Every structure is written in C-alpha cells, then in structure tokens.
Amino acid sequence: MAINILIGIGGTGAKIVESALYLLAAGVGPDDTVHVGLIDQDNSNGNVERTETLLNLICEIQKELANGQNRLDWVNAREAERTALFSIRLRKLFHDKDKAHWRPAPENLPDLRAILQRDDAPEGQKALFDLLFRPVGAAEHEKEQDLNLAEGYRGRAHVGSAALLSALHHDSPDFLKAMTELLKNGSTAGNEVRIMLVGSLFGGTGAAGFPTIARSLHNMRQPDNDHDIRGEKVHIGGVLMLPYFGFRDPAAKENVITTSQLLPQARVAVNYYNRLLEQEVVFDHLYISGWDEMTNLNYHEPGRKEQCNPALLPELLAALAVKDFFVAPKITAKPRP
C-alpha cells in the first residue's frame, strides 16, 4: 500500500492538478488513495477555485457511490466486467477540515513587513531587512516590503520565499501539521509515501513555494527528524513547468511580471535548481516540461477570480508525469529531465 500526495503550488500548479484530477477520475493512476492539496496566497485565484470545485465534485460523487448508490463495478473478478471510472479514491489534504486549499499568510498579515514583524525588530535586523527588500515608499511597480499579498507574490519569488518560510514554521502551521501526520502514520506502518509537487519555474507562488516546500519536506525525512518519520519510506517528486504561455502586458505599470520577463526569470531558476540538486537530492524524481512556442492568452489579470486560464496541452503532459511517479513500481533517487 502507498500513501500518494499531490500538491499544486500556485496557479500553474492548480492547473496541473486539474488535469491530473480528470485522469484520476477516469481511473488513470495508482490503485491507492490520492490526497490532494493546493497552495496559493491568492485566496480567490480563479485557477485554484476551479480546481477545488472539480475536486469537491469528484469527492461528492465518490461519497454518494460509496453510500450504497454504487452502480459501478470496481472489484469484479473478471477484468472485462469492472470499470475504472471513479475507482481511485481522492481525499482533500486537510480532510479534518474538509478542504484542500492552504493560504500561507493569514488575512491579518497583509504584506511581508507585517509577516516578518519588521517594525518590532532590533535596528540591525531592520537595516538588513531594508537591504534585502525594497522599503516602504518604492514606486508601485517596485514594491516589496509593503506589496499587498492578497493576489499572490506577483512574480517576486524572493518575497514569496520569505513569507512562505514564516508561514510554514510560525504563522500558519496547518500544512506541516497535515503532512507530518500523513508521513508519520504512513511510514511507521510500513507504507511507502509518495509526495508529488507541481508548479512553475516562473511567476510568483510556484517559483517561491516549490523549492521552499520541497526542502522543508526533505528535512522531515532526514534520520534526525523529530517526528519519528521513517525517511527511507518517503519519496519526493516534482513537476516544474518552464514558460509555456504568455499574456498581454498591463496597460499601466503594475507590480506584476510581464511576458518578456518569463524566460530570463526561468533561466535564473534553472540555474538555482541545478546548484540545489548538486548539493542535496531533494527530489527522487524531477520532471521538467515546457513548450517551444508559448501560447498567447491575449489578456492580463494579476490575480483574483479573473485569473482563470484555459486548459492547455502542456498541463496534461505534466499530469501524465504525476501518474508516472505514482504508478512507478520502484522509486529511486534519480532526477528525470
């Protein structure tokens, strides 16, 4: 038996999870339950909302089928008589709260300055904080310390990484609590735990959250961990998306990433992952995908409900990588390009 965990980070991560949910609902994937989670600072991101709505619908259908209304035969001894439709059980990552979405920074901490409590820090720490992040008073399109995070990290991965670390270990521990429970209970029972993270190399939440969360989970499986987790039973996979779509530039200067910045930002990220993998094997399998010619969506929305992009083929390819990781007969620490 295996414990399978699929986590979409940011808007692109949510769209990959959406494609994976269609595959899983059709019975394409592992035999065991898949726990599904979504991570995004933008609480009303359209991509995240659509994926969560789909997950809720599938879970409700499976619940109805399991409560005596099952007219689908999943267990017939004759293979030709059984169906794979809805046969893969899905659970929300935070099943005790019946939700899948985790918002790192709570509503009462609107920006990085508040999250890291800059105003209450000693003078030396204030000076370092001001050196690392543009202070209050910067132009709107250059804001960092007082960037409103209600719509995500706006392509500022370094801002997002700092905010995420604080959320993981101090402000909003729900995510690590849920993961610790799954890793501990699964591994100590002798089960294999497979965690698949999906997101983008570009943008904000995915670029910030993917390496930050992966390293936090990797630390949890180390021999000296404090949670009695059997690290040899825990495997971490990842799907990283290179830029595969573009969008219209905003009409005015806004604190958002533009299409022309996607490839340079992705190049920096690729160099970072190359150094990371040379230093420590955070991922047992790492898949990287993209598209030779980016699809132009011809509109621009920085966040909220309006950021609801159409499904694109590269996301289905990424979802197939998720399936590959979950059904592989054996996981060995070998990154895959």
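**Strand S5 and the cores of the model**

In this predicted model, strand S5, which spans residues 192-200, is mostly covered, since 8 of its 9 residues are buried. A good way into the structure is to ask what lies alongside this strand.

Strand S1, made of residues 2-9, runs parallel to S5 and is joined to it by 7 bridges, and within this pairing Gly8 has Val198 of S5 as its bridge partner. Strand S6, residues 234-241, also runs parallel to S5, and here 8 bridges make the connection; Ser200 stands opposite Met241 of S6.

From the strands we can turn to the packing of side chains. In soluble globular proteins, nonpolar side chains tend to be buried together. The largest nonpolar core of this model has 41 residues, and the members that touch the most others are Leu6, Leu21, Val34, Leu90, Met196, Val198 and Val239. At least two residues of this core come from each of helix H1 (10-25), strand S2 (34-39), helix H2 (46-69), S5, S6 and helix H9 (313-327), while the largest share, 8 residues, is supplied by H1.

Which residues does Met196 touch, if those up to four places away in sequence are not counted? Its contacts are Ile5, Leu6 and Ile7, then Gly237, Gly238 and Val239, then Tyr287, and finally Ala321, Val322, Phe325 and Phe326.

Separate from the core just described, there is a second one of 37 residues, whose members include Phe210, Ala269, Val282 and Leu286.

Note on methods
Residues numbered from 1 in each chain as written. Predicted model: local features only at pLDDT ≥ 70, side-chain atom pairs only at ≥ 80, totals over all residues. Heavy atoms only, no water. Buried < 20%, exposed > 50% of the residue type's maximum accessible area, 1.4 Å probe, protein only. Helix = DSSP H or I, 4+ residues; strand = E, 2+ residues; numbered from the N terminus. Pairing = 2+ DSSP bridges. Core = buried A, V, L, I, M, F, W, Y, C linked by side-chain atoms within 4.5 Å. Contact = heavy atoms within 4.5 Å.
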